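Trainee: Please take me slowly through the empty spaces of this model, beginning with the enclosed kind, and then through the aromatic rings.

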Amino acid sequence: MSSIQDRHPQVIMNTYGPPKRALVRGQGSTVWDEDGTEYLDLLAGIAVNCLGHNHPALVEAISTQLQTLGHVSNFFATEPQVALAERLVAICGGPDAAAEGARVFFTNSGTEANEAAFKLTRKTGRTKVLAAAGSFHGRSMGALALTSKEAYRTPFEPLPGGVEFVPYDDVEAFVAAIDGDTAAVILEPVQGEAGAVQPADGLLQAARAACDEHGALLWFDEVQSGIGRTGHWLAHQDPKHGGVRPDIITLAKGLGGGFPVGACVALGEAGSMLVPGNHGTTYGGNPVAAAACLAVLDTIEGQDLMAHVVEVSEVFAALAANDRVADVRRAGLLMGVDLEPVQDAADGHDNPAQVAFEVAMERGFIINATGPHTLRLVPPLVLTTDEAQSFVEAFPGILDEAYARCAAAGADASNGGGGSS
């Protein structure tokens with residue numbers, strides 16, 4: 001029989017390019033491909049598998065719930081759905097948030113959570129939304145309109161209008177752009193797709209103050225940065241942000257630990273802006289998904305994983321010692337590593353991060369390149385210090401090989417690209 005990778009392009013739309021490997025099994029922070037090769041998973045399904053693979057608490061919760069009550073539609077309430085909403089409201093807004101009006105809309109993914117929030121902002125009667133340069137909020141049409149990367153946007157324009165982009169590192173520009181026409185400001189407290197880029201000092205506080213002044217909503221996209229990944233339940237709850245409280249928080253990825261689920265949490269008056277008929281979902285709040293989320297939250301809390309995240313993150317600080325590393329940004333286990341350019345690279349071959357990603361996989365590590373010079377590391381929250389150390393020790397060799405390949409490819413291109421014939 002043909003391999004999974006051979007069969008894949010015969011039936012799967014080519015929206016992601018060829019799969020790098022066909023994975024068949026996972027345990028903890030380790031996965032195995034169809035040939036039996038083992039990898040340390042430092043990508044975690046793009047920040048999703050916060051408990052790693054095959055975690056017993058998640059398996060038990062999903063199995064038990066599915067044997068009890070599976071899908072019921074949103075015509076009916078279920079205990080796991082309501083219990084999860086109560087937990088999320090408290091996490092996002094504090095113990096009194098429900099009494100103050102906070103409410104949750106459940107979805108199946110992060111982009112759908114952002115779609116719900118985007119529609120909610122239109123209920124202000126305004127249409128102007130400010131987003132940050134470098135932002136990524138999803139690939140559905142509304143979420144894409146909020147995403148700044150031109151390569152993602154251009155093939156699908158025109159997108160929903162009213163969105164303006166402001167530099168993420170310019171507090172004054174953001175404040176100046178918020179006015180009486182502004183429905184909302186959307187910000188990632190840490191930009192994941194951009195490579196763990198953090199906002200300018202004071203940006204979140206300044207945005208909150210300007211939104212209050214002009215009656216606009218403040219919306220934090222915590223799809224990637226939320227649920228313990230940065231060492232806090234939510235990245236904006238880091239004390240360095242001064243206790244800023246948004247009106248809307250969108251969540252997904254780590255929330256279900258691998259089970260597809262997302263949530264739009266609206267605090268205060270924003271919690272009652274969407275009314276019957278405004279929005280809907282078939283699967284959102286499914287009791288199986290809700291049970292999975294509750295198991296994730298219980299495990300993170302019960303095993304003190306947020307403190308563990310901070311401890312393991314420190315191991316990765318050593319990556320900065322390599323002279324080919326320009327910068328290492330860490331927000332817990334949401335990390336970006338910028339690499340120096342390849343000296344005298346031929347056109348198209350100054351891409352050390354892309355090549356390092358390939359070399360790392362050949363050496364048993366799954367990482368991610370989000371640009372030609374930027375690596376992203378978002379391992380499971382259960383990653384051990386020994387596992388983190390194994391990558392740190394392998395990293396210099398990975399970069400040596402990556403830069404050598406870039407140089408060789410550049411030399412080949414300079415010689416006409418023919419190589420041997």
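Mentor: The largest cavity is lined by 13 residues, and those nearest its centre are Val 72, Ser 73, Asn 74, Gly 285 and Asn 286. The model is predicted, so to speak of local features pLDDT must be at least 70 and for side-chain atom pairs 80 or more, while totals for chains, interfaces and linings use all residues. Residues are numbered from 1 along each chain as its sequence is written, and side-chain values use heavy atoms, without hydrogens and water.

A cavity is a set of points, on a 1 Å grid over the protein atoms alone, where a 1.4 Å probe fits but cannot get out, and a lining residue has an atom within 4 Å of a point. The count comes to one cavity of 30 Å³ or more, and the volume of the largest cavity, meaning the space filled by probe spheres set on points joined across faces, edges and corners, is about 50 Å³. Its lining has four nonpolar, nine polar and no charged residues; here Asp, Glu, Lys and Arg count as charged, Ala, Val, Leu, Ile, Met, Phe, Trp, Tyr, Cys and Pro as nonpolar, and the others, Gly among them, as polar.

From the enclosed space we can turn to the open ones, called pockets, which are open sets of points with protein on both sides within 12 Å along at least five of seven lines. The largest pocket has a volume of about 1700 Å³, and among the 45 residues lining this pocket, Tyr 16, Leu 43, Ile 46, Asn 368 and Arg 376 are the closest to its centre. Two or more residues of this lining come from each of helix H2 (44-47), helix H5 (110-122), helix H12 (352-362) and strand S14 (368-369), where helices (H or I, at least four residues) and strands (E, at least two) are DSSP runs numbered from the N terminus. By class, the lining of the largest pocket divides into 17 nonpolar, 18 polar and ten charged residues.

The second largest pocket holds about 670 Å³ of space, and its lining is made up of 29 residues, with Gln 81, Arg 103, Val 104, Phe 105 and Phe 106 nearest its centre. Helix H4 (79-93), strand S4 (103-107) and strand S10 (262-266) each give two or more residues to this lining, and the largest share, five residues, is from H4. In this second largest pocket the lining has 18 nonpolar, nine polar and two charged residues.

The rings come next, and three aromatic pairs are counted, a pair being rings of Phe, Tyr or Trp (its six-membered ring) with centres within 6.5 Å, stacked if the planes are under 30 degrees apart, edge-to-face if over 60 and tilted otherwise. Phe 136 and Tyr 152 have ring centres 5.8 Å apart and planes at 75°, and therefore their pair is edge-to-face. This pair joins distant parts of the chain, since Phe 136 lies in the loop between strand S5 (128-132) and H6 whereas Tyr 152, 16 residues away, lies in helix H7. Tyr 152 is buried (under 20% relative accessible area with a 1.4 Å probe, protein chains only; exposed is over 50%, partly exposed in between), at 16%.

Phe 365 and Phe 391 also form an edge-to-face pair, with 5.4 Å from centre to centre and 70° between the planes. Phe 365 is in strand S13 (residues 365-366) and Phe 391 is in helix H13 (residues 385-414), 26 residues apart. Both count as buried, Phe 365 with a relative accessible area of 9% and Phe 391 with 1%. Ring pairs link these two residues with Phe 395 into a cluster.
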